[in-house]
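I opened my notebook for this one and jotted down each thing as I looked it up. Have a look along with me.

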Amino acid sequence: NDAVLVADLKTSFTGFELFDAGKFRYYNIPVVSSTTPSTCPNVGGTTITVQGSNLQSGYNDTLLCRFWPKNATNSDKIFLDPYNYPPDQSVMTTRAYMDSNFNFLCPCPRNTRLEIFAVEFTVSLNAQQFTSNGPKFVLHQPVELYATTPLSGNQEGSTFMFLLGNYFVAGPGLQAFFDNSYVAATFVRQDLVTTATPVKPIGYVTVRVSNNGGVDKSSSSTSYFFFSSGWGCPSDVETGACSWGGRQYGSCLKNSCNCTSGYWGRACSLIP
């Protein structure tokens with residue numbers, strides 16, 4: 001069962017006299033099933049929520065999260081501690097804590113030597129023994145977005161779109177954000193993902209990418225324009241396009257409007 005046994009701890013210096021040394025807690029073996037999120041940038045600080053069983057039996061001062069590849073040792077320079085952590089920690093181990101709602105939380109580690117690296121995620125309730133067979137966790141350089149194509153599309157959404165950047169990570173947290181709206185993105189390569197645009201009002205939006213469901217988004221971004229479903233030219237214009245009310249006032253030419261005589265302006269919507 002989930003019961004925790006707390007025993008009186010006594011010590012002796014002579015083998016006869018016993019002195020109270022506080023309490024000692026026995027707990028059931030903790031198990032980690034998943035984390036939210038399951039990826040984070042290698043600059044550290046992202047808060048991770050741990051899901052599993054028997055995680056509520058430790059004390060806050062002995063709870064640890066470890067991001068560690070199987071069979072790795074401290075002889076690997078990537079995992080040595082350059083930040084002078086306490087002896088029971090490395091650069092890939094962070095202090096965990098239990099919040100007021102009994103959620104097991106810990107920050108993502110900082111290790112800028114890593115670009116994209118999959119590790120095993122484990123926890124310890126006593127700062128010594130760690131769980132086994134933990135879920136996979138991916139550390140990566142902060143995701144970057146360089147360009148998107150096309151630059152505009154119908155406000156009704158579903159426009160197929162390419163997003164070019166770097167440090168994309170395959171997984172359920174890979175998403176494209178159009179202002180505050182988001183859609184799932186499909187991993188193609190570390191530097192390329194695809195998506196289909198959401199339904200949005202007419203106008204410009206800012207596009208960003210996240211590997212972990214929006215917890216951390218790309219600092220770099222691009223602009224995208226949603227045009228009216230009644231507009232005939234999918235050009236990147238601010239006030240309209242080449243058709244209005246079912247009538248054509250111009251034609252699309254290289255993503256801009258070639259206006260019919262008598263009409264002018266970027267969207268062929270102005271009359272002299």
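Is phenylalanine 177 buried or exposed? I found a relative accessibility of 6%, so phenylalanine 177 counts as buried. A reminder to myself before going on: this is a predicted model.

**Entry: around phenylalanine 177**

I stayed with phenylalanine 177 and looked at what its ring meets. Lysine 217 lies over the ring face of phenylalanine 177, with 4.3 Å to the ring centre. I noted a second charge over a ring elsewhere: arginine 66 sits over the face of phenylalanine 130, 3.9 Å from the ring centre.

**Entry: aromatic pairs**

I then ran the search for ring pairs over the whole structure, and it returned nine aromatic pairs. One of them is phenylalanine 67 with phenylalanine 121, an edge-to-face pair with 5.2 Å between centres and 75° between planes. I checked where the two rings come from: phenylalanine 67 belongs to strand 6 (residues 64-68) and phenylalanine 121 to strand 10 (residues 116-124), so this pair links distant parts of the chain, 54 residues apart. Both phenylalanine 67 and phenylalanine 121 are buried. Phenylalanine 177 shows up among the pairs too, with tyrosine 182 as its partner; that pair is tilted, at 5.4 Å centre to centre and 35° between the planes. I also wrote down a cluster, in which ring pairs link Phe67, Phe121 and Phe137.

**Entry: disulfides**

Next I asked how many disulfides a search of the whole structure finds. It finds two. As a note for the margin, a disulfide is a covalent bond between the sulfur atoms of two cysteines.

I took cysteine 40 and cysteine 108 to begin with; they are joined by a disulfide with S to S at 1.6 Å. Cysteine 40 is in strand 4 (residues 39-41) and cysteine 108 is in the loop between strand 9 and strand 10, so the pair ties together parts that are 68 residues apart in sequence. Both cysteine 40 and cysteine 108 are buried.

Then I turned to cysteine 65 and cysteine 106, where the S to S distance of the disulfide is 2.3 Å. The angle about the S-S bond is -100°, and the link of cysteine 65 and cysteine 106 is left-handed. Cysteine 65 lies in strand 6 and cysteine 106 in strand 9, so this pair ties together parts 41 residues apart in sequence. I found both cysteine 65 and cysteine 106 buried.

**Entry: an open sheet**

I went on to a sheet of four strands, which is open, has the order 3-5-9-8 and pairs antiparallel. Which strands stand at the edges? They are strand 3 (31-36) and strand 8 (97-98); each has a single partner strand, so one side of each is left without a neighbour in the sheet. I followed strand 8 to its partner and counted two bridges joining it to strand 9 (residues 104-107), with the two running antiparallel. Methionine 98 has phenylalanine 104 in strand 9 as its bridge partner.

**Entry: glutamate 120**

I picked glutamate 120, which is in strand 10. Its relative accessible area is 14%, so glutamate 120 is buried. Which backbone nitrogen does the side chain of glutamate 120 reach at 2.8 Å? That one belongs to glycine 134. A polar atom of the glutamate 120 side chain also lies 3.1 Å from the backbone nitrogen of asparagine 133.

**Entry: threonine 197**

I found threonine 197 in the loop between strand 18 (192-196) and strand 19 (203-210). Its relative accessibility is 5%, so threonine 197 counts as buried. A polar atom of the threonine 197 side chain lies 3.0 Å from the backbone nitrogen of threonine 159. Leaving out residues up to four places away in sequence, I listed what threonine 197 touches: Gly157, Ser158, Thr159, Met161, Phe178, Tyr224 and Phe226.

**Entry: glutamine 175**

My last stop was glutamine 175, in strand 15 (residues 175-178). With a relative accessibility of 13%, glutamine 175 counts as buried. I compared it with alanine 185: the two are ten residues apart in sequence, and their C-alpha atoms are 4.8 Å apart in space. Beyond its neighbours within four places in sequence, glutamine 175 has contacts that include Tyr182, Ala185, Arg208 and Gly214.

How values were computed
Residues numbered from 1 in each chain as written. Predicted model: local features only at pLDDT ≥ 70, side-chain atom pairs only at ≥ 80, totals over all residues. Heavy atoms only, no water. Buried < 20%, exposed > 50% of the residue type's maximum accessible area, 1.4 Å probe, protein only. Polar contact = N/O pair within 3.5 Å; in protein donor to acceptor, adjacent residues only side chain to side chain. Contact = heavy atoms within 4.5 Å. Phe/Tyr/Trp six-rings, centres within 6.5 Å; stacked < 30°, edge-to-face > 60°. Lys NZ or Arg CZ within 6 Å of the ring centre and 35° of its normal. Pairing = 2+ DSSP bridges. Disulfide = S-S within 2.5 Å.
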